[in-house]
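Trainee: Hi! Could you walk me through this structure when you have a minute?
Mentor: Sure, let's put it on the screen and go topic by topic.

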Amino acid sequence: SPLFLLIGITAAVFNLSPICFVCAKPYTLLMNSVPKCISVEGPRDTTVLIYYHYPDFADLDKRAKPNLVISQQSPSLTNGNRRDMVKSNTARHDLMGPEGKINYVTQDDCRVRVCARALTASPQAPKRMHLRIEFQAEGEGGYDNSKSQKLLEEEAAKKQAEDMKAHMSIQRNLNSLEGTLHALITKADLMLRNADYAKEQEVIFHDKSIAMNKASIWWPIVQLLVLLVTGFTQANHMVGFFKRHHIF
């Protein structure tokens, strides 16, 4: 549950009028048009929920509307002795009815001042004002700052777009990597087929080389034998011819 601080009469009160208690609620009496203020300390980037109850809201207040002015006092609480000033963060809200709630977001660690003013208040007709203040960090239940919600939605949409862009980029890289890998596999398969073909051609060439080597050994022997047989036959034929014709 959100950690909240209930501010009533126990808050630091500056220039407050007499206080009366009605229905167990502490009310401040607005005796004139001079603003009556209370201050509370709060951290930066915190939502201040200001609940108001203005039971003396009348038809005259619809024309001269009472209002609440919310601002941050400077210097900042965390600045120490430095004279750095907090940027203006003042908001004015006209009260449209006897009760309601106002959201205010702090910008620095400093005091938040809430001033109530009723233009129709007078000593004869004082106006009662009850204020209750809670501090609520962003992200806790009950936070209804539409601007911050819109920023959160825009950030979520931006993050989703970035995630989608990154996913598409990764998908493109994966597709490119897959195509490159497929091309490498195809080239490797072609190289293996060429290697198998070269191996077969080498086997055939080796067989031819062995056959040529064997042929180079036996073919001269065969030629020599044929030459010897032919010479011996020719010599016998010539000797027989000479003997038959009594040439010698």
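**Rings, bridges and the core**

Mentor: Let's start with Tyr 54 and Phe 57, which are both buried. Keep in mind that this is a predicted model.

Trainee: How many aromatic pairs are there?
Mentor: The count is two aromatic pairs. In one of them, Tyr 54 and Phe 57 sit edge-to-face, with 6.2 Å from centre to centre and 75° between the planes.

Trainee: Okay, cysteines next. How many disulfides do we get?
Mentor: One disulfide. Cys 37 and Cys 115 form it, and their sulfur atoms are 1.9 Å apart.

Trainee: Which parts of the chain does that pair tie together?
Mentor: Cys 37 is in strand S4 (residues 36–42) and Cys 115 is in strand S9 (residues 110–117), so the disulfide links parts that are 78 residues apart in sequence.

Trainee: And is Cys 37 buried or exposed?
Mentor: Cys 37 is buried, and Cys 115 is buried as well.

Trainee: What about the handedness of the disulfide?
Mentor: The disulfide of Cys 37 and Cys 115 is right-handed, because the torsion about its S-S bond is about 105°.

Trainee: Let's move to the inside. Which residues touch the most other members of the largest nonpolar core?
Mentor: Those are Ile 50, Leu 68, Met 129 and Leu 131, in a core of 22 residues. The elements giving two or more residues to this core are S4, S5 (46–53), S6 (67–72), S8 (99–105), S9 and S10 (127–137), each of them a strand.

Trainee: Which one gives the largest share?
Mentor: S10 does, with four residues.

Trainee: Switching to charges: how many salt bridges are there?
Mentor: Five salt bridges by the count. One of them joins the side chains of Arg 128 and Asp 56, at 2.9 Å from N to O.

Trainee: Where do those two sit?
Mentor: Arg 128 is in strand S10, while Asp 56 is in the loop between S5 and helix H1 (59–63), so this salt bridge ties together parts 72 residues apart in sequence. Arg 128 has 22% relative accessibility, so Arg 128 counts as partly exposed.

Trainee: Which residue does Arg 132 pair with?
Mentor: Arg 132 forms a salt bridge with Glu 134, and their closest N and O atoms are 2.4 Å apart.

Trainee: Why does Glu 134 count as buried?
Mentor: Glu 134 has a relative accessible area of 12%, and buried means under 20%. Arg 132, at 29% relative accessibility, counts as partly exposed.

Trainee: Any salt bridge in helix H2 I should look at?
Mentor: Yes, look at Arg 193 and Asp 189, whose side chains meet in a salt bridge at 2.1 Å, N to O. Both residues lie in helix H2, four residues apart, which is about one turn of the helix.

Trainee: And how much of Arg 193 is accessible?
Mentor: Arg 193 has a relative accessible area of 47%, so Arg 193 is partly exposed. Asp 189 is partly exposed too, at 36% relative accessibility.

Trainee: Last topic, the surface. Which residues make the nonpolar patch?
Mentor: Ile 217, Trp 218, Ile 221, Leu 224, Leu 225, Leu 227 and Leu 228 make a nonpolar surface patch of about 760 Å².

Trainee: Where is Leu 225 placed?
Mentor: Leu 225 is in helix H2, which covers residues 146–244.

How values were computed
Residues are numbered from 1 along each chain as its sequence is written. This is a predicted model: local features need pLDDT of at least 70, side-chain atom pairs count only at pLDDT 80 or more; totals for chains, interfaces and linings use all residues. Side-chain values use heavy atoms; hydrogens and water are left out. A disulfide is a pair of cysteine sulfur atoms within 2.5 Å. Buried means under 20% relative accessible area, exposed over 50%, partly exposed in between (1.4 Å probe, protein chains only). Patches are made of residues with over 30% relative accessible area and no salt bridge: like charges are joined within 9 Å, nonpolar side chains (Val, Leu, Ile, Met, Phe, Trp, Tyr) within 5 Å. Accessible areas come from the Shrake-Rupley method with a 1.4 Å probe; for residues, only the protein chains shown count as cover. A salt bridge is a side-chain nitrogen of Lys or Arg within 4 Å of a carboxyl oxygen of Asp or Glu. A nonpolar core is a set of buried Ala, Val, Leu, Ile, Met, Phe, Trp, Tyr and Cys residues joined through side-chain atoms within 4.5 Å. Rings of Phe, Tyr and Trp (its six-membered ring) pair if their centres lie within 6.5 Å; planes under 30 degrees apart count as stacked, over 60 as edge-to-face and the rest as tilted.
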